[in-house]
Protein chains: 2
Amino acid sequence: MTMDIATRVYNHTFKIDPIIRSVLDTDFYKLLMAQMIFKLHRERRVTFGVVNRSRTVRLADVIDERELREQLDHARTVGLTKGEEIWLTGNTFYGRKQIFEPAFVDWLRAFRLPDYDLRRLPDGQFELHFDGPWVETTMWEVPALAILNELKSRAVMRHMGRFELDVLYARAKAKLWEKVERLRHLAAEGPLKVGDFGTRRRHGFLWQQWAVSALKDGLGEEVFTGTSNVLLAMRLDTEAIGTNAHELPMVYAALANTDEELREAPYKVLRDWESCYSGNLLIVLPDAFGTTAFRRDAPEWVADWTGARPDSKPPIEGTREWIAWWHAKGRNPKDKLIILSDGLDVDTIESSIRALRGDVRLAVGWGTKLTNDFRGCAPNSDDGLLAPISVVCKVIEADGRPCVKISDNPEKATGPQAEIDRYLRVFGSVGMARNPVEV
Amino acid sequence: MTMDIATRVYNHTFKIDPIIRSVLDTDFYKLLMAQMIFKLHRERRVTFGVVNRSRTVRLADVIDERELREQLDHARTVGLTKGEEIWLTGNTFYGRKQIFEPAFVDWLRAFRLPDYDLRRLPDGQFELHFDGPWVETTMWEVPALAILNELKSRAVMRHMGRFELDVLYARAKAKLWEKVERLRHLAAEGPLKVGDFGTRRRHGFLWQQWAVSALKDGLGEEVFTGTSNVLLAMRLDTEAIGTNAHELPMVYAALANTDEELREAPYKVLRDWESCYSGNLLIVLPDAFGTTAFRRDAPEWVADWTGARPDSKPPIEGTREWIAWWHAKGRNPKDKLIILSDGLDVDTIESSIRALRGDVRLAVGWGTKLTNDFRGCAPNSDDGLLAPISVVCKVIEADGRPCVKISDNPEKATGPQAEIDRYLRVFGSVGMARNPVEV
């Protein structure tokens, strides 16, 4: 038996096992949004804050605060490598070369994550805020969530033996592969497009890497669309996918000076986005303040966008509303693209695709249930803490003004109640329905 | 990333990946029988032959003859190491120290597997014979079978990708662990003893090692009795288990000069065994020529033996017959030990244990379905060839005379028909029933 003594000794010297090891270990849409913010909103200051909606899981009891600080501190030391920059600038994204402009790449090369503000609250949760220039604080969302979720996994698994861990991962692999096989059957029936959107809620980086590899290998390039994780897209030689998020309309809305500007904010986001991107990147994320109101007040040109990502309505119902709207606007829904991305698992992917296939182009952004489904996998009974939690990192303030999100599911609403009430007055509450939030 | 260049380069130079790497990679009962043969039958010449009872699997089409020769040749180079000898002589087996006498250990130290005779038959099977002194040829049984079974596995898996193999083993681990959990439930209801008897039919050495580790870790030392594989018992720090096999009565019977001596042969085996071993090693293997006849003609002292291993009758029925017989002989069955070992899986283990628990002491020798159950585990459909085959290595001749086995299931009968007829005349066929042989 030969032992690689140097490696073993080098490993001894690790202070921590870093979770975030690359600036690109984030979702692609953060880079797209950062570039737009870099170009149009460099002066804006935005505060992001982490909220664990799974209140019963007292994260601050599960995760050691010192370990959390070490991981956050380490993430702040990570910078873009030469090889990553070459890949980012030389690669084609959504069929377009040089999607990132030289000035933004210069900025990204020098970028380090800004400081954070962490404290433990009496209710057993962490308060974790990021305050600073929007283009910097926006970059914390995904690494902060990935760190929290992986530290939780590690805390649960710390008490497992070598053998228990072996069985745990064997079962998780077998379980995920069952899902892949079901998707293969679904793909055999007709068109199917599935990609990974699971970075933020992943069990851990290496597990996400396995899951994406499984999806790529199992579905093949006709079905597998890629991963939202930029680093994994680079490593696994696949597409980086994703467009934009609620923070854009939320910040734009917070910065509105009048109710009229507030009502216009969601469309101003789209105009600005169009000035940066085109084609399949023109996907409306309509639900920040209610999808029905969004469509009702939308200017005519919104119907020219490539598609939409319904994110808080039941997928079939949400998609059919879009189809009806495009019809009413004289557009052919079969030319339009719907991205399904709200807490899907194989059951809901199957039912949605079977119900909607043929009526519209469909793509699935599969998240938490792809990268963090360990239910029933722990060999010795209790794996409750291995279940994913509904933790998010949302904009709280923009230039000192509170940010609000309503969505189509008021259970997901965030912001001060007075502001929520004002938004509901301006946008109305038509088409909203309360539904429990799982992930 | 540090690479251990020396290891990698050393690996380049491997001509083959050897299956048998230790003299102790065999079943414990082979060593016990070899010592008895060494002491009492050194002059006997016995021929062993491999028979694949799964005729539809054309082994010689699946396994490359050159590869088979390389593995058999390699096995012949392997000798007892110093460390193995120290463990074998210093260890306690079945509660007894120094079970192997110095003269036998001297012999084992110098032992190498004897030559073999291999050819390809027109029906797609191999003819593989081992001819020579009994004490030497007996040692081929387990390595020869392990080599054939692992080469078959390797041939099937050669076409699988890195990822397919990962899923295959993940599923196999998950599948085996489901079984372990069922056995834990069974153990929670009452006494349970389970050990590994799966060396010969194993999928591969490393997989057997994982399976035995899983059993040890999952069942705990109250339930897990150990492994028949001596090398694994040493490596995994557990008990080596097993007693004796059909070759003893088969050779004794073949050497009988009269029908009367033939009828006495099974009991002469027991007398000789008693001269070597005691306690829990006194387990009758009664079915070589029919269990019912064996008990009918058994001398009174046979009822003093510790227990029996019914190997070819349905386990519940076979055990109840023993219980009735011990009752009739005035012995308390609750003091007696039944080893169940005939093609069991969790279903049959559960039903047998639940039916018999409390009436007799029970121990399960779990074989093929422990170490080679990959049904449904291959990621891309067809895994038919991963199913275990019913391949055996049996005595054919002893000092030039044909050997016969009848068992309680004439489907398992081996030997020339004229001799089978003679044995059936001498022992009768009471209590026999034809049942299909799976493994």
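**View 1. Chain B and chain A meet in this predicted model.** Welcome to the place where the two chains touch: 21 residues of chain B and 21 residues of chain A take part in the contact. Together the chains bury an area of about 1800 Å² between them, and carbon and sulfur atoms give 56% of that area. On the side of chain B that touches chain A, you will find nine nonpolar, four polar and eight charged residues.

**View 2. Salt bridges link chain B with chain A.** How many salt bridges are counted between chain B and chain A? There are six. One to look for pairs B:Glu178 with A:Arg171; the closest N and O atoms of B:Glu178 and A:Arg171 lie 3.7 Å apart. Polar contacts between chain B and chain A also come to six residue pairs, counting those with both residues at pLDDT 80 or more.

**View 3. Helices H9 and H10 of chain B face chain A.** Which elements give two or more residues to the side of chain B that touches chain A? They are helix H9, residues 162-189, and helix H10, residues 205-219, both of chain B. H9(B) provides the largest share of this side, with 11 residues.

**View 4. A turn of 180° lays chain B on chain A.** After that turn, with a shift of 0.0 Å along the axis, the RMSD is 0.0 Å. The two copies are therefore related as by a two-fold rotation axis. To find the axis from chain B, start at B:Ala170: its C-alpha is the nearest one in chain B, at 2.0 Å from the axis. The copies meet through the same surface, because 100% of the interface residues of chain B are interface residues in chain A as well.

**View 5. Strand S5 of chain B pairs with strand S1 of chain B.** Here S1(B), residues 45-52, runs antiparallel to S5(B), residues 126-133. Five bridges join these two strands. A handy landmark is B:Gly49, which stands opposite B:His129 in S5(B).

**View 6. Strand S4 of chain B also pairs with S5(B).** S4(B) covers residues 117-120 and is joined to S5(B) by four bridges, again in an antiparallel arrangement. B:His129 in S5(B) appears once more, this time opposite B:Asp117. Follow the chain between S4(B) and S5(B) and you pass through a hairpin with five residues between the strands. In this hairpin, B:Gly124 takes a positive phi near 85°.

Notes. Residues are numbered from 1 along each chain as its sequence is written. Chains are lettered from A and ligands numbered from 1 in the order in which they are written. This is a predicted model: local features need pLDDT of at least 70, side-chain atom pairs count only at pLDDT 80 or more; totals for chains, interfaces and linings use all residues. Side-chain values use heavy atoms; hydrogens and water are left out. Contact means heavy atoms within 4.5 Å. Buried area is the accessible area (1.4 Å probe) that two parts lose on being put together, summed over both. A salt bridge is a side-chain nitrogen of Lys or Arg within 4 Å of a carboxyl oxygen of Asp or Glu. A polar contact is a pair of N or O atoms within 3.5 Å; within protein, one must be able to donate a hydrogen and the other to accept it, and residues adjacent in sequence count only if both atoms are side-chain atoms. Ala, Val, Leu, Ile, Met, Phe, Trp, Tyr, Cys and Pro count as nonpolar, Asp, Glu, Lys and Arg as charged, and the others, Gly among them, as polar. Two strands pair if DSSP finds at least two bridges between them. Copies are superposed by least squares on the C-alpha atoms of residues with pLDDT of at least 70 in both.
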